[in-house]
Amino acid sequence: MESALVVPVFRGHKVIEIKFYPVDMGFRMPRSGQGTPRLAEPDMARKIIDRLAKMSDQYGTKIVFKDGIGMWTEGGPK
């Protein structure tokens with residue numbers, strides 16, 4: 001019940017940046033709040049992005065945690 005909303009940024013037809021907004025689907029919430037997406041709290045946000053970065057690393061893709069979201073930029077982390 002954790003995910004990320006992915007927002008690519010284009011220059012022409014080329015992706016130059018991808019932002020990963022960590023999302024909590026409310027698994028630990030009362031039943032009435034479960035399944036409702038919300039931006040993850042800071043600790044959970046870090047955990048979600050770290051897991052995503054670890055899975056992406058094996059493909060040579062570097063995702064960094066910055067300002068509460070995950071970031072991929074053309075040419076690597078800045």
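Among the contacts in the chain with a separation of 6 or more, 32% are between residues 24 or more positions apart, where contact means heavy atoms within 4.5 Å. The structure is a predicted model, in which local features need pLDDT of at least 70 and side-chain atom pairs count only at pLDDT 80 or more, while totals for chains, interfaces and linings use all residues. Residues are numbered from 1 along each chain as its sequence is written, and side-chain values use heavy atoms, with hydrogens and water left out.

**Overall architecture**

The chain contains one helix and five strands. From the N terminus on, these elements follow the order β-β-β-α-β-β. Helices (H or I, at least four residues) and strands (E, at least two) are DSSP runs, numbered from the N terminus. Of the 78 residues in the chain, 28% are buried. Here buried means under 20% relative accessible area, exposed means over 50%, and partly exposed lies in between, with a 1.4 Å probe and protein chains only. The accessible surface of the chain is about 5,600 Å², and 58% of that surface belongs to carbon and sulfur atoms. These areas come from the Shrake-Rupley method with a 1.4 Å probe; for residues, only the protein chains shown count as cover.

**The helix**

Helix α1 has 16 residues and reaches 22 Å from its first C-alpha to its last, close to the 22 Å expected at 1.5 Å a residue. The expected span is 1.5 Å times one less than the number of residues in the helix. The buried residues in α1 are Met 44, Ala 45, Ile 48, Ile 49, Ala 53 and Ser 56. An α-helix has 3.6 residues a turn, so residues three or four places apart point the same way. The buried residues of α1 pack against β1, β2, β4 (64-66) and β5.

Ala 53, which lies in helix α1, has a relative accessibility of 16% and counts as buried. Not counting residues up to four places away in sequence, Ala 53 touches Thr 61 and Ile 63. Ala 53 and Met 71 are 18 residues apart in sequence, and their C-alpha atoms are 9.5 Å apart in space.

**Salt bridges**

The whole structure holds five salt bridges, a salt bridge being a side-chain nitrogen of Lys or Arg within 4 Å of a carboxyl oxygen of Asp or Glu. Three of the pairs are set out below.

| Pair | Closest N and O atoms |
|---|---|
| Glu 2 and Lys 47 | 3.3 Å |
| Arg 51 and Glu 2 | 3.0 Å |
| Glu 74 and Lys 14 | 2.6 Å |

The salt bridge of Glu 2 with Lys 47 has its closest N and O atoms 3.3 Å apart. Glu 2 lies in strand β1 (residues 2-11) and Lys 47 in helix α1 (residues 42-57), so this pair ties together parts that are 45 residues apart in sequence. Glu 2 also forms a salt bridge with Arg 51. Because Arg 51 lies in helix α1 and Glu 2 in strand β1, that pair ties together parts that are 49 residues apart in sequence. Glu 2, Lys 47 and Arg 51 are thus linked in a network of salt bridges. Each member of the network is partly exposed: Glu 2 has a relative accessible area of 22%, Lys 47 one of 41% and Arg 51 one of 36%.

Glu 74 forms a salt bridge with Lys 14. This pair links distant parts of the chain, with Glu 74 in the segment after β5 (69-73) and Lys 14 in strand β2, 60 residues apart. Glu 74 is partly exposed at 29%, and Lys 14 is partly exposed at 47%.

**A buried charge without a partner**

Asp 24 is found in strand β2 (residues 14-24). Asp 24 is buried yet has no salt bridge, and the nearest side chain of opposite charge, Arg 38, is 4.5 Å away. Lys and Arg count as positive and Asp and Glu as negative, while His and the chain ends are not counted. Leaving aside neighbours within four places in sequence, Asp 24 is in contact with Met 1, Thr 36, Pro 37, Arg 38, Ala 40 and Met 44.

**A loop residue with positive phi**

Asp 67 is found in the loop between β4 and β5 and counts as exposed at 74% relative accessibility. The phi of Asp 67 is near 55°, a positive value in a residue other than glycine. Most residues other than glycine have a negative phi.
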